Every structure is written in C-alpha cells, then in structure tokens.
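Biologist: I have just opened this one and have not looked at it before. Could you walk me through it?
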Amino acid sequence: MLPVVLPGLTMSADMASNEVRIIGGLWKGRKLRFTATADLRPSLGRVRETLFNWLAADIDGTRCLDLFAGSGALGFEALSRGATSVTFVERNRKAALALRENARQLGTQKAHVVQLPAERFLKTSPEQTWDIIFFDPPFADKTAAALLPYLRQRLSSSGRIYLEGPKREPLPFAEQLIKYRQAGDCHFGLLDAGAAQNPAP
C-alpha cells in the first residue's frame, strides 16, 4: 500500500499556539506545531527522553510506525535520531495536515502521513512490518487495546512496541515489559518482539 500523502497547508494561528520541542538528534530544539483537538495529548518531554534513551542503540536505520500520531512528537523524534522512515497514522484531518506541514518545515521525505483510523490502516496494509511501533492512543479510547493482536503480527523479528497509557489502568503485557517507567499521570514501557508474539496466557 502506498502512503497517503496529504496536501500542504499554511500554518494557522491555532497551530502556532500549540507546540512541542524535539529533544535530540538532527533536529534538536526544533518545534513541532499542531492544532489542538480534544484528545490530542503529546507525550511529556521527560517521557520521550526516557524512551529514546532506552532506544539509543537501536533507533538508527529503523522503520517506525506512529499509530496514533497526534502531534507526531514520537515519530519526528525517531526521525531526528536516525530512523529511516516513519509512517504517521492519524484519523483527525487537521492533525494529519499539521503532521504533513511539520514534515515539510523539517525538509524530510522520510515521513509518510496516512489519514485513517488506526484499525482501518492496519487492515489495509496486512503485509507491512516495522522495527518500532509507537502505541500511544488517546487516554479516552477504550477500544485501542483490541489492536494489539494486529501489532504483534507487524513487528520485525527484533522489533519493539512502545506502550503508553494512563496510570489508573494497567498497561497491556505488563508482566512482559522489558522496560517500564511512570511519569505524571501516565506510565509507559517497551515490549520486544519475542514477548509480543508469544503473549502470556
């Protein structure tokens, strides 16, 4: 399946008032601007810093999927630190347009933006795999966890899934996470391919 590339847009005032800064790598210090929506919640800076410290030895040359992309903070951080490509999947039209514009501002051809619901995207690209999948759905989305069986099938042999969710609810595969941390009102961790493909009963 070819990525859906969205038309460009002019940076609007409401996008300019909402921004997140890339922490490290090629674009360290650059700002990502996005349109605020009810369920858009960029990962905290300290969460991203911890995550990419975990991935520091593994991120270079990877193919990544940012499944509930939102602001794109995770995916663009991955590109900044050496990922070969990132597919950003975002159902909200304004958020998807902002992702496309941020990629243009950064001058990268490695960001592929797809405006589709996550479930539909996974079902329309059944043979595509990734080395790292960022799974950070909106906290209010109670159906997203049902997608994890699809994600297990989409990892490369040495791939990893990043999971983030509200602290009040358990993370999927909590007993099998190879890394785990809490910050603010969220907790997050890493699941490697072996655990993801062989979940505990």
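Biologist: Let me start with a detail: in β9, which residue is the bridge partner of Arg181?

Modeller: The partner of Arg181 is Phe188 in β9, and it belongs to a pairing in which β8 and β9 run antiparallel, joined over five bridges. Please keep in mind throughout that this is a predicted model.

Biologist: What sits between the strands in that hairpin of β8 and β9?

Modeller: Two residues lie between the strands of this hairpin, and Gly184 in the hairpin takes a positive phi near 60 degrees.

Biologist: OK, zooming out, what is the strand order in the sheet?

Modeller: The sheet is open, has seven strands with mixed pairing, and follows the order β5-β4-β3-β6-β7-β9-β8. Its edge strands are β5 and β8, covering 179-183 in the case of β8, and each of these pairs on one side only. From one strand to the next, the twist averages 15 degrees.

Biologist: And β3, what does that pair with, parallel or antiparallel?

Modeller: Strand β3, residues 63-66, pairs with β4 in the parallel sense over four bridges, and Leu65 stands opposite Thr87 in β4. Between β3 and β4 the chain passes through α3, giving a β-α-β crossover that is right-handed. Strand β3 also runs parallel to β6, to which three bridges join it, with Cys64 having Ile132 in β6 as its bridge partner.

Biologist: You mentioned α3. Where does that helix lie?

Modeller: Helix α3 lies across β3, β4, β5, β6 and β7, and it runs at about 170 degrees to β4. Just after α3 comes Gly82, which takes a positive phi of about 115 degrees.

Biologist: Why is α3 described as largely enclosed?

Modeller: Eight of the eight residues of α3 are buried, so the helix is largely enclosed by the rest of the structure. Among these buried residues are Leu74, Phe76, Glu77 and Ser80.

Biologist: Then what about the largest nonpolar core, which residues touch the most other members?

Modeller: That core has 35 residues, and the ones touching the most other members are Leu51, Phe76, Phe88 and Phe134. Elements giving two or more residues to the core include α2 (45-54), α3 (73-80), β4 (85-89) and β6 (130-135), and the largest share, five residues, comes from α3.

Biologist: Pick Phe134 for me. What is in contact with Phe134, apart from its neighbours within four places in sequence?

Modeller: With those neighbours left aside, the contacts of Phe134 include Leu51, Phe52, Leu55, Leu74, Ala78 and Tyr162, and also Cys64 and Leu65. There is a second, separate core as well, made of 24 residues, including Ala144, Leu151, Phe173 and Leu177.

Biologist: Last topic: what pLDDT does the protein chain average?

Modeller: The chain averages a pLDDT of 85, and 85% of the residues score at least 70. Over residues 1-16, however, the pLDDT is below 50, although this stretch has 32 contacts in the model beyond near neighbours in sequence. Where pLDDT is low, the predicted coordinates should not be read in detail.

Conventions: Residues are numbered from 1 along each chain as its sequence is written. This is a predicted model: local features need pLDDT of at least 70, side-chain atom pairs count only at pLDDT 80 or more; totals for chains, interfaces and linings use all residues. Side-chain values use heavy atoms; hydrogens and water are left out. pLDDT is the predictor's confidence in each residue, from 0 to 100. Contact means heavy atoms within 4.5 Å. A nonpolar core is a set of buried Ala, Val, Leu, Ile, Met, Phe, Trp, Tyr and Cys residues joined through side-chain atoms within 4.5 Å. Buried means under 20% relative accessible area, exposed over 50%, partly exposed in between (1.4 Å probe, protein chains only). Two strands pair if DSSP finds at least two bridges between them. A crossover is right-handed if, with the strands pointing away from the viewer, the path from the first strand over the helix to the second runs clockwise. Axes are lines fitted to C-alpha atoms, for helices over the stretch in contact, and angles run from 0 to 180 degrees between N-to-C directions.
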